[in-house]
Amino acid sequence: AAISAASAIAIAPSAPYIINTGSLWGSGIYKSTDGGDTWQRIDSSFGASPGVLSITVDIHDAQVVYLGVTQNGIFKTTNGGQSWVPIGTDLGSINVEDIEIDPRNQQVMYLAGGDIGPLGTTSFGVYRSLDNTGLSWADMNAGMGNRSVNSLAIDNGTPQNIYAGTS
């Protein structure tokens, strides 16, 4: 099996033959353990597959994967996709466009996202979690205005420098 329209893809830094991919249109979340020769679907615990916007694999553990999804925040697996749990439920219905882990401190995660909520209210920006569980997030949006953030990059040499791609 293979995904028909990938919207996100991530290669495990600690095991480059493991690749995870997902579809924005809900056609599935897939994993390859042989460099892309074969694929298995890993979203059976969801019921209906979520719309995947981003995938991030833990730097040290290829079994730990984070999915940024439409309207539902973040899901995490610690067993390579056999089961997924929602994290960051305090974020509401934000679209998680990107998830990054601080390369020097695995306890710190960042996300980029946005949402247009009821009555046109918006909640865009960059958020940070300091506990590596993703259970609580604080916004880092001072001075950014009301901008949708589509991507993030962390400076590996100076991880306190975070770059945000906005629209």
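Trainee: What order do the strands of the open sheet have?
Mentor: Keep in mind that this is a predicted model. The open sheet has 4 strands, and their pairing is antiparallel. Their order is E1-E2-E3-E4.

Trainee: Which strands stand at the edges of that sheet?
Mentor: Look for strands with a single partner strand, because one side of each is then left without a neighbour in the sheet. That fits strand E1 (8-12) and strand E4 (40-41).

Trainee: And how many bridges join strand E2 to strand E3?
Mentor: Strand E2 covers residues 15-22 and strand E3 covers residues 29-32; the two run antiparallel. One spot to look at is Thr21, which stands opposite Tyr30 in E3. As for the bridges joining E2 to E3, there are 4.

Trainee: Which residues touch the most other members of the largest nonpolar core?
Mentor: That core has 17 residues, and E1, E2, E5 and strand E6 (65-69) each supply at least two of them. Ile29 has contacts beyond its close sequence neighbours, including Phe46, Val52, Leu67 and Trp84. The residues that touch the most other members are Ile29, Ile55, Leu67 and Trp84.

Trainee: Is Ser54 buried or exposed?
Mentor: Ser54 sits in strand E5 (residues 52-57). Its relative accessibility is 5%, and the cut-off for buried is under 20%. So Ser54 counts as buried.

Trainee: Which residue has its backbone oxygen 3.4 Å from a polar atom of the Ser54 side chain?
Mentor: Setting aside residues up to four places away in sequence, Ser54 touches several others, among them Ala8, Tyr66, Val96 and Asp98. Ala8 is 46 residues away in sequence, yet 5.1 Å from Ser54, C-alpha to C-alpha. The backbone oxygen at 3.4 Å belongs to Val96.

Conventions
Residues numbered from 1 in each chain as written. Predicted model: local features only at pLDDT ≥ 70, side-chain atom pairs only at ≥ 80, totals over all residues. Heavy atoms only, no water. Buried < 20%, exposed > 50% of the residue type's maximum accessible area, 1.4 Å probe, protein only. Contact = heavy atoms within 4.5 Å. Polar contact = N/O pair within 3.5 Å; in protein donor to acceptor, adjacent residues only side chain to side chain. Pairing = 2+ DSSP bridges. Core = buried A, V, L, I, M, F, W, Y, C linked by side-chain atoms within 4.5 Å.
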